[in-house]
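Here is a set of questions and answers on one protein model. Keep the structure open while reading.

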Amino acid sequence: MSNKKKLDTKAGTKKLRDGITSGGMGIAGYWRMELRGPRGELKEYREVKNIALTTGLDYLADSLATATGATSSRFNYIAIGTSSTAPTSTDTTLTAETGTRVAGTKSKPSSRTFRVTASFASDNPAAAQTFREAALCVTNTAGTLLNHATFADVNKASNEAFSITVDHVFVTA
(Lines give C-alpha, C1' and ligand atoms only; values in the text may rest on other atoms or scores of the structure.)
Protein backbone atom coordinates (compact mmCIF):
# COMPACT_ATOMS: atom_id res chain seq x y z
CA MET A 1 0.00 0.00 0.00
CA SER A 2 1.39 3.39 -0.89
CA ASN A 3 1.04 6.41 1.33
CA LYS A 4 0.98 9.16 -1.31
CA LYS A 5 0.91 12.80 -0.21
CA LYS A 6 -0.03 15.69 -2.52
CA LEU A 7 2.24 18.66 -3.17
CA ASP A 8 2.35 20.90 -0.11
CA THR A 9 2.08 24.34 -1.70
CA LYS A 10 2.45 26.20 1.60
CA ALA A 11 5.84 24.79 2.68
CA GLY A 12 8.70 27.05 1.71
CA THR A 13 6.64 29.49 -0.36
CA LYS A 14 7.77 33.10 -0.47
CA LYS A 15 6.88 36.10 -2.59
CA LEU A 16 9.57 37.54 -4.82
CA ARG A 17 11.30 40.69 -3.55
CA ASP A 18 9.29 43.91 -3.75
CA GLY A 19 9.83 45.66 -7.05
CA ILE A 20 10.42 42.52 -9.15
CA THR A 21 7.81 42.42 -11.87
CA SER A 22 7.97 41.32 -15.47
CA GLY A 23 11.47 40.48 -16.57
CA GLY A 24 12.44 39.32 -13.05
CA MET A 25 13.59 35.81 -12.25
CA GLY A 26 12.86 33.40 -9.45
CA ILE A 27 13.73 29.85 -8.54
CA ALA A 28 11.26 27.30 -7.23
CA GLY A 29 12.34 23.97 -5.79
CA TYR A 30 10.30 20.79 -5.49
CA TRP A 31 11.24 17.57 -3.69
CA ARG A 32 9.87 14.07 -4.31
CA MET A 33 10.71 11.23 -1.93
CA GLU A 34 10.03 7.54 -2.53
CA LEU A 35 10.45 4.79 0.06
CA ARG A 36 10.61 1.31 -1.43
CA GLY A 37 10.39 -2.03 0.30
CA PRO A 38 12.99 -4.75 -0.10
CA ARG A 39 11.19 -6.05 -3.23
CA GLY A 40 11.02 -2.59 -4.80
CA GLU A 41 7.36 -1.87 -3.99
CA LEU A 42 6.47 1.79 -3.36
CA LYS A 43 5.59 2.20 0.31
CA GLU A 44 5.66 5.99 0.83
CA TYR A 45 5.69 9.04 -1.44
CA ARG A 46 6.04 12.73 -0.59
CA GLU A 47 6.15 15.84 -2.76
CA VAL A 48 6.88 19.25 -1.21
CA LYS A 49 8.22 22.69 -2.08
CA ASN A 50 11.42 23.81 -0.40
CA ILE A 51 12.85 27.07 0.89
CA ALA A 52 15.85 28.44 -1.01
CA LEU A 53 18.75 29.35 1.27
CA THR A 54 20.73 32.59 1.13
CA THR A 55 24.15 30.88 1.02
CA GLY A 56 22.99 28.49 -1.69
CA LEU A 57 21.64 31.27 -3.88
CA ASP A 58 24.88 33.23 -3.42
CA TYR A 59 26.85 30.14 -4.45
CA LEU A 60 24.58 29.60 -7.45
CA ALA A 61 25.11 33.21 -8.56
CA ASP A 62 28.89 32.79 -8.17
CA SER A 63 28.78 29.56 -10.16
CA LEU A 64 26.91 31.21 -13.00
CA ALA A 65 29.18 34.26 -12.96
CA THR A 66 32.66 32.69 -12.76
CA ALA A 67 34.31 29.91 -14.72
CA THR A 68 35.98 28.44 -11.64
CA GLY A 69 32.77 28.38 -9.62
CA ALA A 70 30.81 26.89 -12.48
CA THR A 71 33.31 24.12 -13.16
CA SER A 72 34.66 23.22 -9.73
CA SER A 73 31.85 22.25 -7.37
CA ARG A 74 28.21 22.00 -8.21
CA PHE A 75 25.17 21.03 -6.20
CA ASN A 76 25.26 17.28 -6.52
CA TYR A 77 24.81 15.71 -3.07
CA ILE A 78 21.57 15.05 -1.24
CA ALA A 79 21.46 14.87 2.55
CA ILE A 80 18.58 13.56 4.65
CA GLY A 81 17.69 14.18 8.27
CA THR A 82 15.27 13.40 11.06
CA SER A 83 14.17 16.85 12.31
CA SER A 84 10.83 18.49 11.59
CA THR A 85 12.11 21.97 12.55
CA ALA A 86 10.93 24.46 9.92
CA PRO A 87 13.75 25.58 7.59
CA THR A 88 14.84 29.21 7.37
CA SER A 89 16.63 31.01 4.55
CA THR A 90 19.82 31.28 6.65
CA ASP A 91 20.23 27.53 7.36
CA THR A 92 23.74 26.19 6.71
CA THR A 93 23.11 22.56 7.76
CA LEU A 94 20.22 20.19 8.19
CA THR A 95 18.90 20.27 11.74
CA ALA A 96 19.53 16.53 12.32
CA GLU A 97 21.42 15.02 9.37
CA THR A 98 21.68 11.23 9.35
CA GLY A 99 23.44 8.69 7.14
CA THR A 100 25.91 9.58 4.40
CA ARG A 101 25.23 12.22 1.75
CA VAL A 102 24.64 10.62 -1.63
CA ALA A 103 25.94 11.90 -4.97
CA GLY A 104 22.97 12.41 -7.21
CA THR A 105 22.42 12.13 -10.93
CA LYS A 106 21.94 15.57 -12.49
CA SER A 107 19.70 16.21 -15.47
CA LYS A 108 17.70 18.86 -17.31
CA PRO A 109 14.33 17.15 -17.85
CA SER A 110 12.69 20.23 -19.37
CA SER A 111 13.40 23.83 -20.22
CA ARG A 112 14.67 25.85 -17.22
CA THR A 113 14.59 22.81 -14.89
CA PHE A 114 17.62 21.45 -13.02
CA ARG A 115 17.01 18.02 -11.42
CA VAL A 116 19.07 15.93 -9.01
CA THR A 117 18.03 12.38 -8.07
CA ALA A 118 19.79 10.25 -5.46
CA SER A 119 19.20 6.72 -4.21
CA PHE A 120 19.95 5.82 -0.62
CA ALA A 121 20.73 2.10 -0.23
CA SER A 122 19.03 0.15 2.53
CA ASP A 123 22.23 0.42 4.61
CA ASN A 124 22.35 4.27 4.45
CA PRO A 125 21.60 4.65 7.28
CA ALA A 126 21.70 1.01 8.38
CA ALA A 127 19.16 1.38 11.18
CA ALA A 128 15.47 2.10 10.82
CA GLN A 129 14.91 5.89 10.63
CA THR A 130 12.12 8.40 10.30
CA PHE A 131 13.11 11.00 7.69
CA ARG A 132 11.63 14.49 7.90
CA GLU A 133 14.09 16.78 6.07
CA ALA A 134 16.39 16.94 3.04
CA ALA A 135 18.86 19.33 1.42
CA LEU A 136 20.80 19.70 -1.82
CA CYS A 137 24.51 20.21 -1.04
CA VAL A 138 27.78 21.10 -2.79
CA THR A 139 29.92 18.42 -1.10
CA ASN A 140 29.57 15.03 0.55
CA THR A 141 30.56 16.57 3.90
CA ALA A 142 29.71 19.87 5.59
CA GLY A 143 29.34 22.72 3.13
CA THR A 144 26.97 25.00 1.26
CA LEU A 145 23.33 23.95 0.94
CA LEU A 146 21.13 25.28 -1.87
CA ASN A 147 17.86 24.49 -0.15
CA HIS A 148 16.23 22.74 2.79
CA ALA A 149 12.82 21.07 2.90
CA THR A 150 10.84 19.33 5.61
CA PHE A 151 8.07 16.84 4.94
CA ALA A 152 5.69 14.41 6.61
CA ASP A 153 7.37 11.41 8.25
CA VAL A 154 8.86 8.78 5.95
CA ASN A 155 9.49 5.68 8.06
CA LYS A 156 12.33 3.58 6.61
CA ALA A 157 12.98 0.07 7.89
CA SER A 158 16.57 -1.20 7.91
CA ASN A 159 15.96 -3.29 4.75
CA GLU A 160 14.34 -0.51 2.68
CA ALA A 161 15.89 1.76 0.06
CA PHE A 162 15.01 5.44 -0.30
CA SER A 163 15.18 7.67 -3.38
CA ILE A 164 14.77 11.40 -3.51
CA THR A 165 14.49 13.88 -6.38
CA VAL A 166 14.68 17.66 -6.28
CA ASP A 167 13.67 19.90 -9.19
CA HIS A 168 14.69 23.55 -9.38
CA VAL A 169 12.62 25.48 -11.88
CA PHE A 170 13.89 28.87 -13.03
CA VAL A 171 10.86 31.10 -13.58
CA THR A 172 10.17 34.61 -14.75
CA ALA A 173 8.18 36.87 -12.46
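Buried means under 20% relative accessible area, exposed over 50%, and partly exposed in between. The model is predicted.

Q: Is Glu-44 buried or exposed?
A: The cut-off for buried is under 20% relative accessible area. Glu-44 has a relative accessible area of 12%, so Glu-44 is buried.

Q: Which residue meets the side chain of Glu-44 in a salt bridge?
A: The contact is 2.7 Å, N to O. The partner counts as buried, at 3% relative accessibility. It is Arg-46.

Q: What is the pattern of helices and strands along the sequence?
A: The protein has 2 helices and 11 strands. Read along the sequence, they follow β-β-β-β-α-α-β-β-β-β-β-β-β.

Q: What share of contacts between residues at least 6 apart in sequence join residues at least 24 apart?
A: The protein has 173 residues, of which 38% count as buried. For the contacts in question, the share is 72%.

Q: What is the strand order in the open sheet of 5 strands?
A: E5 and E9 pair in the antiparallel sense over 5 bridges. E5 is also joined to E6 by 4 bridges, again antiparallel. E4 and E6 stand at the edges, each with a single partner strand, so one side of each is left without a neighbour in the sheet. The order is E4-E10-E9-E5-E6.

Q: Which residue of E9 stands opposite Tyr-77?
A: Tyr-77 has a bridge partner in E6, Ala-103. In E9, the residue opposite Tyr-77 is Cys-137.

Q: How many of the 5 residues of E5 are buried?
A: E5 spans residues 77–81. This strand is largely enclosed by the rest of the structure, because the number of its residues that are buried is 4.

Q: Which strand gives the most residues to the largest nonpolar core?
A: This core has 23 residues. Among those that touch the most other members are Trp-31, Phe-120 and Leu-136. Strands E2, E5, E8, E9, E10 and E11 each give two or more residues to this core. With 4 residues, the strand that gives the most is E10.

Q: How many residues make up the other core, which includes Ile-51 and Leu-94?
A: This core lies apart from the core of 23 residues. Ala-135 and Leu-145 are also among its members. The number is 7.

Q: How far apart in space are Leu-145 and Ala-135, C-alpha to C-alpha?
A: Leu-145 is in strand E10. Leu-145 is buried, with a relative accessible area of 1%. Its contacts beyond four places in sequence include Leu-53, Phe-75, Arg-101 and Ala-135. Leu-145 and Ala-135 are 10 residues apart in sequence, and in space they are separated by 6.4 Å.

Q: Which residue forms a salt bridge with Asp-153?
A: The closest N and O atoms are 2.8 Å apart. The pair links distant parts of the chain, E10 and E9, 21 residues apart. Asp-153 is partly exposed, at 33% relative accessible area, and its partner is partly exposed at 22%. That partner is Arg-132.

Q: Is Arg-101 buried or exposed?
A: Arg-101 meets Glu-97 in a salt bridge of 2.9 Å, N to O. Glu-97 is partly exposed, with a relative accessible area of 35%. Arg-101 has a relative accessible area of 8%, so Arg-101 is buried.

Terms used. Residues are numbered from 1 along each chain as its sequence is written. This is a predicted model: local features need pLDDT of at least 70, side-chain atom pairs count only at pLDDT 80 or more; totals for chains, interfaces and linings use all residues. Side-chain values use heavy atoms; hydrogens and water are left out. A nonpolar core is a set of buried Ala, Val, Leu, Ile, Met, Phe, Trp, Tyr and Cys residues joined through side-chain atoms within 4.5 Å. Buried means under 20% relative accessible area, exposed over 50%, partly exposed in between (1.4 Å probe, protein chains only). Two strands pair if DSSP finds at least two bridges between them. Contact means heavy atoms within 4.5 Å. A salt bridge is a side-chain nitrogen of Lys or Arg within 4 Å of a carboxyl oxygen of Asp or Glu.
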